[in-house]
Amino acid sequence: MRSIVSLQTRNCLRTARRWKYTSPAAVRWSSSEARQWSTPLAKQLSEAITTTGPIPLASFMRMCLTSDMGGYYMSSQEGRDQFGQKGDFITSPEISQIFGELIAVWFVAEWIGQGRRKGGVELIEIGPGRGTLMDDMLRTMKNFKPLAESIEAVYMVEASPSLRDAQKKLLCGDAPMTETDIGHRCISKYSGIPIIWTENIRFVPSNPDKTPFIVAHEFFDALPIHAFQSISPSDSSQEAEKETIQTPTGIHKLSPEAQKANQKKKGPQWREMVVSPSPPDSTHTTLSTPKSQQPSNPPPEFQLTLSKASTPHSLYLPEISPRYRALKSTPDSLIEISPESHAYAQEFARRIGGSPTSPKPTPSGAAIILDYGPADTIPTNSLRGIKAHQRVSPLSEPGLVDLSADVDFVALAEAALGASEGVEVYGPVEQGAFLRAMGIQERAEALIRGVKSGEGREEVVKRVEGAWKRLVDRGGSGMGKVYKAMAIVPESGGRRRPVGFGGEVDV
């Protein structure tokens, strides 16, 4: 499961303030040294950092996940699969078909609650994985004929060519795929609805007359994060702060105007956690690798350190919300911020509720976000690495390890509400509570009743029961508590709560 937290990152962050800053020059090796890297991407990252200096954690995550040179989600290696029992992690749609069915029912309820629009409905999935969730949704929606007939297109926001091919095979079968001005297109096996692929939601046409139904399941956890730590003031750090700033090309002296502005700053300052190659002679002990990761894994090739000077990100990002600013005065406070997550939440809100620059006379549509993270606090120490369903260092084997971090649901809500006055946000609520409210137990019981008697029935019943209970259980390997659901819906003054979040719908 992707919810296993990497203890190494936690240890690195806790001890970061005791580490001495390592300049870019100190991590450079002679080209004659034949250091063996685990992947081509690891070598590329090392060479880039040797040239520019330590990079933000967000840059490291982005390269590891989406680099053209062997990024985790970009690889098309034969026989490799990130999802399912044979992959690195398993997601809710892969556990039970009921999950996708209930997400479809949630959108049906929103469609009904918003007046049963007869056209202009768009389904948009962000980060569709292998396409399992959308496949279950479309299979379910075809049973609601008026809604199915109102769907004009399905948009799949997917950057990985290999995953796009897997989605096409599942959703369209042998139907031909053609290129379009925004990506690719084919006709689905469900009611002839066109499926359109594009790499970013910005490329999906935005029309105030459309009704977008957006789902993002385990998408936000894979977006890059910046990590910051508040440091106590000291004579040396304050003097350095007044005169320098760290950028991707090194530490530079500030202009006289900037130095003068900095002189007015007193008290703790934010410092960014940055990534650099581990020294060639590093050991698990020197890198604080958790014992559980040591027996079968070499020391991580990269390390997290605390930036010596301010970075552009540390001067700006922790100041965008009072939630972050309130922690600045507490030395050693840790926060994680994902600007890309904020941007996606803002885009969802604008498409549903409109904005001053793109008004929407009648807000319509809905977005549901399902992911893991704290309900009302800022994530800290949450970077994790998963490989073959096991916890590994997130700083090892770039491109072969899945990286993720907790989602800051409150930040998503703030971003959505700030982007559009035409939306409301509900949640987050625990996934277990949401699925129970949507009728997961009743649906499982119906499936079990439909299993024919005979050899193998007992095994099927056991599998169905085990699957739905895993999705809602709050302890052990259950996903009901760690995972959360959040909804963005048209503004109604709180008069119409969505189903699963305390509301009902009149059928």
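Arg474 and Glu430 meet through their side chains in a salt bridge, with 2.8 Å from N to O. In this predicted model, that pair links distant parts of the chain: Arg474 sits in the loop between α17 (457–472) and β19 (483–490), while Glu430 belongs to strand β18 (residues 423–430), 44 residues apart. Glu430 counts as partly exposed, because its relative accessibility is 23%.

A search of the whole structure turns up 17 salt bridges. Here are three of them, side by side.

| Pair | Closest N and O atoms | Separation in sequence |
|---|---|---|
| Arg474 and Glu430 | 2.8 Å | 44 residues |
| Glu101 and Arg139 | 3.1 Å | 38 residues |
| Asp135 and Lys189 | 3.8 Å | 54 residues |

Take Glu101 and Arg139, which form a salt bridge with closest N and O atoms 3.1 Å apart. This one links helix α5 (residues 97–113), home of Glu101, with helix α6 (residues 132–141), home of Arg139. Is Glu101 buried or exposed? Glu101 has a relative accessibility of 5%, so it counts as buried. Arg139, at 24%, counts as partly exposed. The pair isn't on its own, either: Glu101, Asp136, Arg139 and Arg443 are linked in a network of salt bridges.

Helix α6 also carries Asp135, whose salt bridge goes to Lys189 in the loop between β5 (184–187) and β6 (194–198), so parts of the chain 54 residues apart in sequence get tied together. Asp135 is buried, with 11% relative accessible area, whereas Lys189 is partly exposed at 48%.

Now for the sheet. Nine strands make up an open sheet with mixed pairing, and their order is β4-β5-β6-β3-β2-β7-β14-β19-β18. At the edges are β4 (178–179) and β18, each of which pairs on one side only. So Glu430, the partner of Arg474, lies in a strand that is one of the sheet's edges. Further in, β3 (residues 151–157) and β6 run parallel and are joined by four bridges. Val154, for instance, has Ile195 in β6 as its bridge partner.

What lies across the sheet? Helix α5 crosses β2 (121–126), β7 (211–217), β14 (366–372) and β19, and runs at about 150 degrees to β14. Helix α8 (residues 161–172) packs on the sheet too, touching β3, β5 and β6, with its direction at about 175 degrees to that of β6.

Let's stay with α8. This helix has twelve residues and reaches 16 Å from its first C-alpha to its last, close to the 16 Å expected at 1.5 Å a residue. Which residues of α8 are buried? They are Leu163, Arg164, Gln167, Lys168, Leu171 and Cys172. Because they cover an arc of only 140 degrees around the axis, they end up on the same side of α8. The general pattern is that an α-helix has 3.6 residues a turn, so residues three or four places apart point the same way. The buried residues of α8 pack against α6, β3, β5 and β6. Right after the helix comes Gly173, with a positive phi near 65 degrees.

Helix α16 (residues 440–449) tells a related story: Ile440, Ala444 and Ile448 are buried there. Their arc around the axis is only 75 degrees, which puts them on the same side of α16. The buried residues of α16 pack against α5, α15 (431–438) and α17.

Methods:
Residues are numbered from 1 along each chain as its sequence is written. This is a predicted model: local features need pLDDT of at least 70, side-chain atom pairs count only at pLDDT 80 or more; totals for chains, interfaces and linings use all residues. Side-chain values use heavy atoms; hydrogens and water are left out. A salt bridge is a side-chain nitrogen of Lys or Arg within 4 Å of a carboxyl oxygen of Asp or Glu. Helices (H or I, at least four residues) and strands (E, at least two) are DSSP runs, numbered from the N terminus. Buried means under 20% relative accessible area, exposed over 50%, partly exposed in between (1.4 Å probe, protein chains only). Two strands pair if DSSP finds at least two bridges between them. Contact means heavy atoms within 4.5 Å. Axes are lines fitted to C-alpha atoms, for helices over the stretch in contact, and angles run from 0 to 180 degrees between N-to-C directions. The arc is that of the directions from the helix axis to the C-beta atoms. The expected span of a helix is 1.5 Å times one less than its number of residues.
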